[in-house]
Every structure is written in C-alpha cells, then in structure tokens.
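Hi,

Here is the structure I promised to pass on. Please have a look, then read my notes below.

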Amino acid sequence: MDTYYDPKDLPKFADIGEEAPELAKKFFDYYGAVFAEGELTEREKALIALAVAHAVQCPYCIDAYTQTCLERGASLGEMTEAVHVTTAIRGGASLVHATQMRKIAKKLSM
Amino acid sequence: MVPELTSADTLSDAERSSAHGLEPFSGCLARHGLELNRGQTNTLQINVGLICNQVCRHCHLEAGPNRSEIMSKKTIEEVVAYAKRASFPVVDITGGAPEMNPHLGYLIENIAPVAPRLMMRANLTALAKENTDYLLRLCMANRVVIAASFPAVSASQTDSQRGKGVLEKSITMLKKLNDLGYGRDGTGLELNLVSNPTGAFLPASQDQAEKRFRRYLETKWGLSFNNLFTFANVPLGRFRTWLADSGNLDSYMKKLSASFNPCAVEGLMCRTLLSVNWEGYLFDCDFNLAMGVYLAGRKRHISEMDDLPEPGTQIPTGNHCYACTAGSGFT
C-alpha cells in the first residue's frame, strides 16, 4: 500500500455492504434520502456536505462533494465561502474555549 | 447491426473504448436490449455555419472567428425548398453563431411560413453585434423562439467557458430581449436559456437549475425567461481536446458511461431530428455532424430528399452518444 488514501478506492464505497448488507442498505437508503431535495435543495445540501467534508478532513468526501457541488450548479466562489464557514466554526470552536482559559486564569490570579 | 462510424478520428470506436476502459456505446445499447432507430422526424435543424465570434471551450464543432464554413444563399434556398416539401413541425437554426451568416434574415423570412415553430440558437454576444435591430425585428415578426446560451449565473464560470466579459454582455442582451417582450408573460415571444456545465462534470438537474436561475436573474437583474435547459457537454471537438489536455478525458468518459440511463434512449433528439450542415449534407444530429457521420451512415444532400427520413432506419452511434444518455438525457 503506497498511501492510505487512493482515489480509486472511492468507487468501492458500496463494497462495504458485502459483510453487512442489511446495515449497508439502511445506511445507503438513509444517505440517499438525506441528500434528496427537501426543505433544502440538493445544491444547498451539497455545499453543506462540502463544508463538513473539510471539517472532518475526509479526502474522499472532498473529492466527491467538490464534483457534486459543481454538478448541482455551485460556483467556485460559493464553494470557497462554504469552506470559510468550516474554518470560522473550527476556529471559533477553539477560540470560544478561551472563555474557560480566562475564567480559570482569573480564578487563579490575584 | 448499428452502422459503423467513419470518424475523422484516427482511433476506431472500439479502440477508443479500450483506451478508456469503456464498453462501446453500441455494446451498451445491446446489453440493455436497445436499438437506436429513427422515429417520426419532427425537427429540421439547420447548421448555418461554423463562424462564431466566440471560442467556447466546450464547443463540439470548434466554431470560432477563424472558421470559414458558412451556408451559402443557394444552400439556404435548397433547405427552404426541402422544408416546404417535407413539412417539419419544428425548425431549429444553429451554428456557430447563426447571427454571423449574412443570409440569416433571408432564411428566417422564407422558412417561417412553413415552420409552425421556428427556433434560433442565439449567441447573445453575436446577436448584440450583428445587425441587432434588424434581426430582432425579424425574430419578433416571425415569432422566432430564441434559445440563448447561458451556462452559469457566475461571471467566473461563464467567462471561463465562453470568454472574458461574456456574462456581462449576455445580461445586457437579455435585458434588451426582455424589453422587447421576449421571455415576458403574455407576449408570445419565447426566450429559453441553455446551460452547459463549465467543466468536466455533469449538468445540474434541469428543474432545480431553472428555479435557481429564475430566482437569481430576477433578483439581481430583473430578468425573466421561459425555460432553462441543461445539457451535458459532448466529448468532441474543442471540448474533447480540453478534456485530454487537462487530464479529464478518461474520468469524464467513465462518468458519462456510468450515468447511462436506458430510459433516456427513447426520447433522444436524434430519433426525431434531421440535421443539415452548411453544405447541405444530412446527419442524424449535430454531434454526428461534428464527427462527419452522415444520416443513417450514407452521404446525402438535402436537394436529393423528397420527404421526411424513413422511420426505423438505424442511427450511427459512437461513444460521444453517452453524453446524450447520461442521467435524464439530451432531448
């Protein structure tokens, strides 16, 4: 194995059903239903998925949802803004913990 | 047996399939128990030439300013005479940029009386440059349906496909069309938009893209239109060259073939459309025209035709046909 991540493995995702077909069916049925148009459009859901893919830093998901976003008519500008949302939340999640740091520091300090 | 293509390409269909690890399109049809045969022809598509003011990167015909192929007045007269003999419910004028054929006005005036529905694939930037007021008056007077290329609402995507500044110029022309009543309710002047993907990916769902374009164009520019059509890019001509140069050819062909929808075959436009090139020769569709593969595999001139093409004749296919059968299909 040259690398843990190989783009050729992405189309094999469905193969995980071989060992546990019933669970796989439940998962893929659910997955398909989640991304179907509902209150949110398929395009909006693809942009959310792209943002989450960057948050979980999954190369397969980034590859898949970059293509899906383009195929749903998203522009590179919209996709970039989606990733900035990821960045803001991830950065904000770190920064907001500074309130704990400040509270502890204040308690310990004169 | 589906007729063999006599493509200008150096590789045969089977060799290209092998190179891309693809099942040949003809084999894919056979595996699904399908044949691609002509139905009742209802549309005459007239390609009036390959001259265009733009050099779009997805163009399967490699149209552009440096091309010289253009339909002559004599050929246009032969096309009009045939349209009168055969009686087509729909006539569809395309190019290149049809606006750049100096005989376009003559064609519209003479074919409109025998075409219940007359469409023109307008290049909005060419329409803005070439005899604009004359052509627009003519289109309005003859109720010509205008189908305008409009790939994306984003300037970067539109301009990357069609050239710098094209979105802005297209918006200006769409405003002018709307002001004349095109795309506005109750005028009877139909304005449709055509969106091709701006890269090596499949088009958005037509319904969802139409909703988004309608909302966006109305909100941002106060523009309206009747229908939006989304079509996959066909891996021929300049688009094929771009796919190969950018390293996307294999994956795009695999994506198209993996998206083969057997249900799309019955509604394919090649089953009901007759395409004529700038010289007056006949093809089953504009893509076989680009490949140089004649109607039912036999070179015939429009002046030799008395009636509509015979239903049931087999349509020559190639791997480019996967673009028309991907997803909901190219109808």
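The model is predicted. I began with the contact between the two chains. Ten residues of chain B are in contact with twelve residues of chain A. Together the chains bury about 950 Å². Carbon and sulfur atoms give 41% of that area. Three residues stand out on the chain B side: B:F201, B:Q208 and B:R212 supply 50% of the area that chain B buries against chain A. No other three residues supply more.

Next, the polar side of the interface. The rule finds two salt bridges between chain B and chain A. One pairing to look at is B:K211 with A:E37, a salt bridge whose closest N and O atoms are 3.8 Å apart. Eight residue pairs are in polar contact across the interface, both partners being at pLDDT 80 or more. Helix α9 of chain B (residues 206-221) contributes three residues to the side that touches chain A, the largest share. By class, that side of chain B has four nonpolar, three polar and three charged residues.

Now chain A itself. It has five helices and zero strands, so to read its elements from the N terminus is to read α-α-α-α-α. The C-alpha trace of chain A spans about 60 × 35 × 35 Å along its principal axes. Its radius of gyration is 19 Å, whereas a compact globule of 110 residues would come near 13 Å. Of the 110 residues in chain A, 20% count as buried. Take the contacts in chain A between residues at least 6 apart in sequence: 50% of them join residues at least 24 apart.

Best wishes

Key. Residues numbered from 1 in each chain as written. Chains lettered and ligands numbered in written order. Predicted model: local features only at pLDDT ≥ 70, side-chain atom pairs only at ≥ 80, totals over all residues. Heavy atoms only, no water. Contact = heavy atoms within 4.5 Å. Buried area = accessible area lost by both parts, 1.4 Å probe. Salt bridge = Lys/Arg side-chain N within 4 Å of Asp/Glu carboxyl O. Polar contact = N/O pair within 3.5 Å; in protein donor to acceptor, adjacent residues only side chain to side chain. Helix = DSSP H or I, 4+ residues; strand = E, 2+ residues; numbered from the N terminus. Nonpolar A, V, L, I, M, F, W, Y, C, P; charged D, E, K, R; others polar. Rg over C-alpha atoms; globule rule 2.2 N^0.38 Å. Buried < 20%, exposed > 50% of the residue type's maximum accessible area, 1.4 Å probe, protein only.
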